[in-house]
Amino acid sequence: MRRRLPVLPAAVALAAPLLLAGACSSGSDDVEVAVKGAFGVRPDVAFPKEPPGKELAVKTVVDGKGARARKGDLVVADYVGYRWSKDGSKLLANSFIAGRPGAFPTGRLVPGLEKALEGARVGGRVVAKIPPGDGYGDKGATQHQVGAGDTLVYVLDVRAVYARTAVAKGRPQPLEDPRLPKVGPVEAGKAPVVTVPRVAAPRGLQVRTLMQGEGKAVRKGELLALQYVGAFWRDGRVFDSSWKSGRPYAATIGTGQVMKGWDQALVGQRVGSRLLLVVPPSLGYGAKGLAQAGIKGDDTLVFVVDVLGAH
């Protein structure tokens with residue numbers, strides 16, 4: 001798998017090291033733990049005294065009525081995550097405390113989470129008991145305090161599902177400026193074609209609305225669901241694209257998780273908008289650039305960004 005650029009780093013805490021190999025066991029609905037509480041409220045999770053069983057188990061405890069998650073979708077969910085072994089259980093992650101959900105890019109998660117989210121509906125609560133074979137394997141994940149042989153338990157409240165083909169649905173805003181790139185339409189899940197003019201790049205950050213959304217304004221610290229394509233000003237070549245990767249992406253905005261140009265440009269924009277961003281080096285990767293992507297220290301970058309949702 002091609003390593004993604006640190007333009008939009010993953011927003012999932014416990015699920016961040018994503019495993020592509022391995023298949024889920026068939027599983028059952030005997031999750032063994034007792035879960036109480038309403039959707040959207042931190043659940044009360046009670047563990048038995050016995051150690052966990054070895055079988056993958058997934059159970060829907062609150063039925064949702066919204067869209068179902070499919071492979072390639074981006075799922076946004078409030079969640080708690082535990083490790084569980086013969087020595088007991090320990091809470092490892094709790095998005096309810098932070099007040100901001102996690103982002104789960106299906107198709108890139110550990111197998112047990114893939115099974116848990118497959119078919120999950122917006123508004124639903126899912127509980128998953130994930131044994132090592134469907135989680136982090138025999139080695140565990142020391143960066144997340146998950147040891148070899150640890151079982152994972154997730155309780156996930158699905159807030160939103162963004163399909164791999166999701167796009168902005170705002171009101172078109174014509175852009176007639178020969179000094180700025182032209183942006184073609186989005187067709188059948190493909191990134192728009194960006195044509196860069198043969199003029200000197202602007203020195204400052206440029207933000208233009210190509211499609212005006214009618215959703216809420218983005219606030220600092222929110223988790224955004226996005227589609228985007230990034231290209232070089234110098235030759236128009238695309239260096240990264242969520243459309244090409246096959247799924248929307250997510251990032252927390254306004255907190256330094258993404259490049260300065262993104263933080264400055266996206267806070268305050270409305271959900272449903274499509275934006276053209278021209279980011280100078282000082283607000284992008286700086287004088288060092290990013291060698292792994294071919295980005296030089298003096299590269300101005302061009303982005304088209306669809307703001308799908310904010311949480």
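**Exercise 1. Backbone angles away from glycine**

Where is the place of Gln145, in terms of the strands β7 and β8? Work it out in this predicted model, then compare notes with Glu32.

*Solution.*
Step 1. Start from the strands: β7 covers 125-130 and β8 covers 151-162, and Gln145 sits in the loop between them.
Step 2. Check the backbone. Gln145 is not a glycine, yet its phi is positive, at about 65°.
Step 3. Add the accessibility. Gln145 has a relative accessible area of 43%, so it is partly exposed.
Step 4. Turn to Glu32, which belongs to the segment before β1 (34-36). Glu32 also is not a glycine and has a positive phi, of about 75°. With a relative accessible area of 27%, Glu32 is partly exposed.

**Exercise 2. Two side chains in loops**

Find which backbone atoms are reached by the side chains of Thr106 and Asp177, and decide whether each residue is buried or exposed.

*Solution.*
Step 1. Place Thr106: the loop between β6 (102-105) and α2 (111-117) holds this residue.
Step 2. The relative accessible area of Thr106 is 3%; that is under 20%, so Thr106 is buried.
Step 3. At 2.7 Å, the Thr106 side chain reaches the backbone oxygen of Asp73.
Step 4. Now look at the surroundings. Leaving out residues up to four places away in sequence, Thr106 touches Arg70, Lys71, Gly72, Asp73, Val75, Glu114, Leu117 and Arg247. Asp73 therefore appears both in this list and as the partner in the polar contact.
Step 5. Repeat for Asp177, found in the loop between β9 (171-172) and β10. Asp177 is buried as well, at 14% relative accessible area. Its side chain reaches the backbone nitrogen of Arg179 at 3.0 Å.

**Exercise 3. A serine in a helix**

Describe Ser245 by its element, its accessibility and its polar partner.

*Solution.*
Step 1. Ser245 is part of helix α3, residues 242-245.
Step 2. Its relative accessibility is 26%, which counts as partly exposed.
Step 3. A polar atom of the Ser245 side chain lies 2.8 Å from the backbone oxygen of Ser242.
Step 4. For a sense of scale, take Gly66: 179 residues separate it from Ser245 in sequence, and their C-alpha atoms are 25 Å apart.

**Exercise 4. The nonpolar cores**

Which residues touch the most other members of the largest nonpolar core, and which elements supply at least two of its residues?

*Solution.*
Step 1. This core has 28 residues, and those touching the most other members are Trp262, Leu266, Leu277, Ile295, Leu301, Phe303 and Val305.
Step 2. At least two residues come from each of β13 (223-232), β15 (249-252), α4 (260-266), β16 (274-279) and β17 (301-310). The largest share is that of β17, with five residues.
Step 3. Zoom in on Leu266. Apart from neighbours within four places in sequence, its contacts are Val218, Leu224, Ile253, Leu275, Leu277 and Val305.
Step 4. There is also a second, separate core of 25 residues, with Ala69, Leu113, Ile130 and Val161 among them.

**Exercise 5. The largest pocket**

How much space lies in the largest pocket, and how do its lining residues divide into nonpolar, polar and charged?

*Solution.*
Step 1. The space in this pocket is about 250 Å³.
Step 2. The lining has 15 residues, of which Gln173, Pro174, Leu175, Val183 and Leu210 are the closest to the centre.
Step 3. The elements giving two or more residues to the lining are β10 (182-183) and β12 (206-212).
Step 4. Sorted by type, nine lining residues are nonpolar, two are polar and four are charged.

Notes. Residues numbered from 1 in each chain as written. Predicted model: local features only at pLDDT ≥ 70, side-chain atom pairs only at ≥ 80, totals over all residues. Heavy atoms only, no water. 1 Å grid on protein atoms, 1.4 Å probe; cavity = no way out; pocket = protein on both sides within 12 Å on 5 of 7 lines; lining within 4 Å. Points joined across faces, edges and corners; volume = space filled by probe spheres on them. Helix = DSSP H or I, 4+ residues; strand = E, 2+ residues; numbered from the N terminus. Nonpolar A, V, L, I, M, F, W, Y, C, P; charged D, E, K, R; others polar. Buried < 20%, exposed > 50% of the residue type's maximum accessible area, 1.4 Å probe, protein only. Polar contact = N/O pair within 3.5 Å; in protein donor to acceptor, adjacent residues only side chain to side chain. Core = buried A, V, L, I, M, F, W, Y, C linked by side-chain atoms within 4.5 Å. Contact = heavy atoms within 4.5 Å.
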